[in-house]
Amino acid sequence: MKGLSKGSLAAADKVVEEIRSKGGKAVANYDSVEAGEKIVRAALEAFGRIDIVVNNAGILRDNSFGRISDEDWDIIHRVHLRGSFQVTRAAWDHMKKQKFGRIIMTASASGIYGNFGQANYGAAKLGLLGLSNTLAIEGQKNNIHCNTIAPAAASRMTQNIMPEDLVEALKPDYVAPLVLWLCHESCEENGSLFEVGGGWIGKLRWERALGAIVRQKNQPVTPEAVKANWKQVCDFDNATKPQRIQESIGGIIGALNKIDSEGGVSTNPTSQAASTATSAFAGAISHKLPSFSSAYTELETIMYALGVGASIKEPKDMKFIYEGSTDFSCLPTFGVIIAQKPIVGGELSEIPGVSVNLEKVLHGEQYLELYKPLPRAGNLKCEAVIADVLDKGSGLVVLVDVYSYFEEELVCYNQFSIFVVGSGGVGGKRTSDKAKVAVAVPARPPDAVLRDTTSLNQAALYRLSGDWNP
């Protein structure tokens, strides 16, 4: 596809006809994407508002790098990168005012991985990813989400270079559902990149080697030091996966702090220390803590409900605080109490390769999955395992997974994030694929606001339900 005007009007009209034939509403606009204001104005005149922008316009000017002309370089960037910028900018303020917007950028595997003969195309396509990532950050407070797709799909650009059977297997029909979901008002995905094609979808992310410090304090970096530490520089074992620029810069700041505090290293890079730490942590990861039983009666469940604020003033709370209620039940979050024994019972001090001072342990984040209602009373068998150990600099974070069973059936799963103050700074990894991610808070005002005051003795009452942490 050369991007020439011939045939473009018919293509737009064909799409409009197809949408209308299926009961939809559509209008054609024949302007170039470089005239973004005109395209957005046409949408506003037809529909009154603009909620979604899908930047998908594209052309090809394939040639080996040495043969790319200025014209072929410029037109690719004008259509792909500048065109997406112009259309999105024209829609941006409208989306901000209405506190809603969904934007899709169309990148390509050629930009992500490179492809012979497509230096101009690949550069523009990866540029779209950078644009998308920034818009995702700037738009989030106004509920504007921006994501990028890298589709493998047949189009007018590929109709003469793909065999017929492949054209059929890579129909755009297999890409469109992902776009529809990313544009839906209930989708919270933002700032992400997806490869998609043929009925398959996969999310991509950056990965960074643990790296190495290659200088000493108040000393220059030398090529010889880079060479000596090259293996560690390129070692992706225990790699991190930074998701925002703060994490990227934070890693470098951490290295600077280490150089200042320890004088840096020459032939003993930080990555070696990190490797040692990771090696030490290897004995901790997947370490199983002793199995334990967690028995409770209706008394503990009622104590728990009262401790977290249930009240006889609220009729709906009676089923949690009066065992004679016909629908008496256990509050779902009591599942956290059931699983706490290894956290408060001292077992953390016995994790191999990790020094844990129980006087410096803090309960951080908490994740709970409930698979069925908790029995009103019972004796649950619990299995606990160390999922991962992370080095946050000032301390370690120990991820503890606990599985709780009632009569051999899995009832609930917990992940405790335990912060161990003062044990970090040994160079271990900072993030983990095993950490459960909290549900994103919607970028909109709350549905309701409730203010309440805890009673004077509520914390003391809460402890009696089984959470003995003082």
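The following questions and answers go through how some elements of this predicted model are described.

Reader: Why are H2 and H3 called oblique to each other?

Author: Helix H2 (residues 36-47) and helix H3 (residues 70-98) pack at an angle of about 45°, with their axes 7 Å apart. Angles under 35 degrees count as roughly parallel and 65 to 115 as roughly perpendicular, with over 145 as roughly antiparallel. An angle of about 45° fits none of those ranges, so the pair is oblique. The crossing of H2 and H3 is right-handed.

Reader: Which residues make that contact, and of what class are they?

Author: H2 contributes Gly36, Glu37, Ile39, Val40 and Leu44, and H3 contributes Gln86, Val87, Ala90, Ala91 and His94. By class, the contact of H2 with H3 has six nonpolar, three polar and one charged residues.

Reader: What makes H3 and H5 roughly parallel?

Author: The axes of H3 and helix H5 (residues 119-139) cross at roughly 15° and come within 8 Å. Angles under 35 degrees count as roughly parallel, and therefore H3 and H5 are placed in that group. H3 passes H5 in a right-handed crossing. Among the residues in contact are Trp73, Ile76, His80 and Leu81 of H3, and Ala123, Ala124, Leu128 and Leu131 of H5. The contact of H3 with H5 divides into twelve nonpolar, seven polar and three charged residues.

Reader: Where do H3 and H5 lie with respect to the strands?

Author: H3 lies across S1, S2 and S3, running at about 170° to S1. H5 lies across S2, S3 and S4, at about 160° to S3.

Reader: Why are S1 and S5 said to stand at the edges of their sheet?

Author: The open sheet has five strands in the order S1-S2-S3-S4-S5, and its pairing is mixed. S1 and strand S5 (200-204) each have a single partner strand, so one side of each is left without a neighbour in the sheet. Neighbouring strands of this sheet are turned by 20° against each other on average, direction ignored.

Reader: How do you know that S1 and S2 pair?

Author: Pairing needs at least two bridges. Four bridges join S1 (residues 52-55) to strand S2 (residues 101-106), and the two run parallel. One of the partnerships is that of valine 53 with isoleucine 103 in S2. S3 and strand S4 (residues 193-197) also run parallel and are joined by four bridges. There, threonine 148 has leucine 193 of S4 as its bridge partner.

Reader: What alternates along S1?

Author: The side chains do: Val53 and Asn55 point to one face and are buried, while Ile52 and Val54 point to the other and are not. In a regular strand the side chains alternate between the two faces of the sheet.

Reader: Which strands are the edges of the sheet with the order S6-S8-S9-S10-S7?

Author: They are strand S6 (288-296) and strand S7 (361-370), each of which pairs on one side only. This open sheet of five strands has antiparallel pairing, and its twist averages 25° from one strand to the next. Inside it, ten bridges join strand S8 (residues 378-391) to strand S9 (residues 395-406). Valine 385 stands opposite aspartate 401 in S9.

Reader: Why is tyrosine 405 called partly exposed?

Author: Its relative accessible area is 26%. Buried means under 20% and exposed over 50%, so tyrosine 405 falls in between. Tyrosine 405 is found in strand S9 and touches Asn379, Leu380, Lys381, Glu383, Leu410 and Val411, not counting residues up to four places away in sequence.

Reader: Why is asparagine 143 called buried and glutamate 407 exposed?

Author: Asparagine 143 has a relative accessible area of 13%, which is under 20%, so it counts as buried. Glutamate 407 has 65%, which is over 50%, so it counts as exposed.

Reader: What is noted about the phi of asparagine 143 and of glutamate 407?

Author: Most residues other than glycine have a negative phi. Asparagine 143, in the loop between H5 and strand S3 (144-151), has a positive phi of about 60°. Glutamate 407, in the loop between S9 and strand S10 (409-421), has a positive phi near 55°.

Reader: Which residues of H12 are buried, and what covers them?

Author: In helix H12 (residues 298-307), Thr301, Ile302, Tyr304, Ala305 and Gly307 are buried. Their cover includes S6, helix H13 (318-321), helix H14 (334-338) and helix H16 (458-463).

How values were computed: Residues numbered from 1 in each chain as written. Predicted model: local features only at pLDDT ≥ 70, side-chain atom pairs only at ≥ 80, totals over all residues. Heavy atoms only, no water. Axes fitted to C-alpha atoms, helices over the stretch in contact; angles between N-to-C directions. Left-handed = near helix turned anticlockwise from the far one by under 90°. Contact = heavy atoms within 4.5 Å. Nonpolar A, V, L, I, M, F, W, Y, C, P; charged D, E, K, R; others polar. Buried < 20%, exposed > 50% of the residue type's maximum accessible area, 1.4 Å probe, protein only.
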